[in-house]
Amino acid sequence: MNPTDPASFNHRTERLSTGRTYHFIDEKPANYPDDSSPSIPTIVCIHGFPDLWYGWRYQIGPWVRAGYRVVVPDMLGYGGTDKPLAVEEYSTQKLCADLAALLDVVGAPKAIVIGHDWGSYVAGRFALWHPDRLLALGLFSIPFSAPTKQYIPLEDIVKKVPNYAYQLYFADPESTKEIEANLERFLRLAFANLRLKGNIRQVIVNPGVTQPPTRRPLLTEDELEYVASQMRNMNGPLSYYRTTKIRFEEEQAAQLPGHLPAKLPVLHIWGDKDPTARPETLGRMKKEIVRLEEIKLPNVGHWIMVEARNEVTRGVLEWLMMTKSKL
C-alpha cells in the first residue's frame, strides 16, 4: 500500500445486486479471518469531486495496520466503476443502494462510513436511507445538512451562497465537453487550492485567464497524470450536480428522516480555510447531531486527506478508539 503507486493496492471489480459494477479497493489487516468476521470493523471511504478512491491513498494503509478493513470505491461515474449516461442514475437514493450492496459483497453487515466533499453528503444520506448499516459516520469538509421540506432550486442556493456559483456551471450539460476538452487544466485548478472568482467557465476554457494559487499544488505530476487517466469521461462526475430536484423528490416520496439517528457517533473534520465549510451550516449541525465530535484543522483548505494527511489519519483512529466501546 504505497501511496505513490496505485497498483500496490488491492483492486477489485464486482457486479452489485443493484445491477451496477463497481471498482473498489479492498484492504484487510493481517489478522483478518477467512470467514469475514464482523468482529473486525470495516471502514468505507467515499470520495468527492473531482476525485477517486486515490484521494484516500494516505489513510488506507495506516487504518489497515491499525486493525480495520478498508473498502474504498470509485463512486458511480468515476474510474473503473459504471458510468451511466442518465442523470437520474446518480440520485442519492440509488448511490446509497449501491453502497449497501457493496457492503453485502464484502460481507459487512455494518460499517464505519466516512465521506469527503460529495462523499460527505452521500455518507450523511446513507445514514438516513440505511441507518441499520452504520456503526459510525465521518464527515470530511462538507457538514451534514438535513433534507429540506421545500424544493430550493440551485439558482436560489447560489444567490444565498455565492461561493457555490461554480455548481451552476457544473449543472449545465454544456460543461461536460468543455471540461473534458480542458481536463488537465481543470484538475490543476481543482487541486491547486484556488478560490475561483468571476466566470468559472472562462477560467477553465481560456488558458489566458489565470487564478493565483493560495498555496502549493497538492498533486505531483505523476499523481495528476493518474487522476486524469481515470477521469476522461466527465458526464458521471458532473451529473451529481444535476440531481438537485431528483434528490428532493425522492426524499419527499420516502419521507426521509430529517435528522441522524441519535445514537450514531459522528465525526466532522474540516479545514478553516475551506470555503465549503460554511459557518451557518456548521452551527446548525452542532445543534442537530447528538454525538458529534469535531476536529478543526488550522490553515488547511478543502483537500484535507492530502493537506493534513497525518492529522486526519490520526484523528479518525483516536475518535474510533474513543467510540469503540460504544459501537
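User: Where does Leu168 sit, and why is Leu168 called partly exposed?

Analyst: Leu168 is in helix H5 (residues 165-171); helices here are DSSP runs of H or I with at least four residues, strands are runs of E with at least two, and both are numbered from the N terminus. The model is predicted, so local features need pLDDT of at least 70 and side-chain atom pairs pLDDT 80 or more, while totals for chains, interfaces and linings use all residues. Residues are numbered from 1 along each chain as its sequence is written, and side-chain values use heavy atoms, without hydrogens or water. As for the label, Leu168 has a relative accessible area of 31%. Buried means under 20%, exposed over 50%, and partly exposed in between (1.4 Å probe, protein chains only), so 31% gets the middle label.

User: What does Leu168 touch, leaving aside its neighbours within four places in sequence?

Analyst: Leu154, Glu155 and Val158, where a contact means heavy atoms within 4.5 Å. Gln252, by comparison, is 84 residues from Leu168 in sequence and 23 Å away in space, C-alpha to C-alpha.

User: What makes Phe140 buried?

Analyst: Its relative accessible area is 0%, so Phe140 passes the buried cut-off. Phe140 is in strand E6, and its contacts beyond four places in sequence include Trp56, Ile114, His116, Ile269, Met305, Val312 and Val316. Glu174 is 34 residues from Phe140 in sequence, yet 29 Å from it in space, C-alpha to C-alpha.

User: And Ser141, what is unusual about its phi?

Analyst: Phi of Ser141 is near 75°, a positive value in a residue other than glycine. Ser141 lies in the loop between strand E6 (134-140) and helix H4 (154-160), and at 0% relative accessibility it counts as buried. Gln255 also has a positive phi, about 50°, without being a glycine. That one is in the loop between H11 and strand E7 (266-271), and with a relative accessible area of 69% it is exposed.

User: Why are Phe49 and Tyr241 called an edge-to-face pair?

Analyst: Rings of Phe, Tyr and Trp (its six-membered ring) pair if their centres lie within 6.5 Å; planes under 30 degrees apart are stacked, over 60 edge-to-face and the rest tilted. A search of the whole structure finds 22 aromatic pairs. In this one the centres are 5.2 Å apart and the planes 80° apart, so it is a pair, and an edge-to-face one. Phe49 is in the loop between strand E3 (42-46) and H1, and Tyr241 is in the loop between helix H10 (235-239) and helix H11 (244-254), so the pair ties together parts 192 residues apart in sequence. Both Phe49 and Tyr241 are buried.

User: How do you know that Trp53 and Tyr54 get that label too?

Analyst: Their centres are 5.5 Å apart and their planes 75° apart, so the pair of Trp53 and Tyr54 is edge-to-face as well. Both rings come out buried: Trp53 has a relative accessible area of 0%, and Tyr54 has 2%.

User: What joins Phe49 to Pro50?

Analyst: A cis peptide bond, with omega about -10°. Pro50 is in the loop between E3 and H1.

User: What makes Arg309 count as a charge over the ring of Tyr58?

Analyst: The rule asks for NZ of Lys or CZ of Arg within 6 Å of the ring centre and within 35 degrees of the ring normal. The charged end of Arg309 is 3.9 Å from the centre of the Tyr58 ring, so it fits the distance limit. Arg57 also lies over a face, that of Tyr54, at 4.2 Å from the ring centre.

User: How do H1 and H14 meet, and which residues are involved?

Analyst: Helix H1 (residues 57-65) and helix H14 (residues 309-323) pack at about 40°, with axes 10 Å apart. Tyr58, Gln59, Pro62 and Trp63 in H1 meet Arg309, Val312, Thr313, Val316 and Leu317 in H14. By class, that contact has six nonpolar, two polar and one charged residues.

User: Is Ser239 buried or exposed?

Analyst: Buried, since its relative accessibility is 0%. Ser239 lies in helix H10 and, beyond four places in sequence, touches Val87 and Tyr90.

Conventions: Axes fitted to C-alpha atoms, helices over the stretch in contact; angles between N-to-C directions. Nonpolar A, V, L, I, M, F, W, Y, C, P; charged D, E, K, R; others polar.
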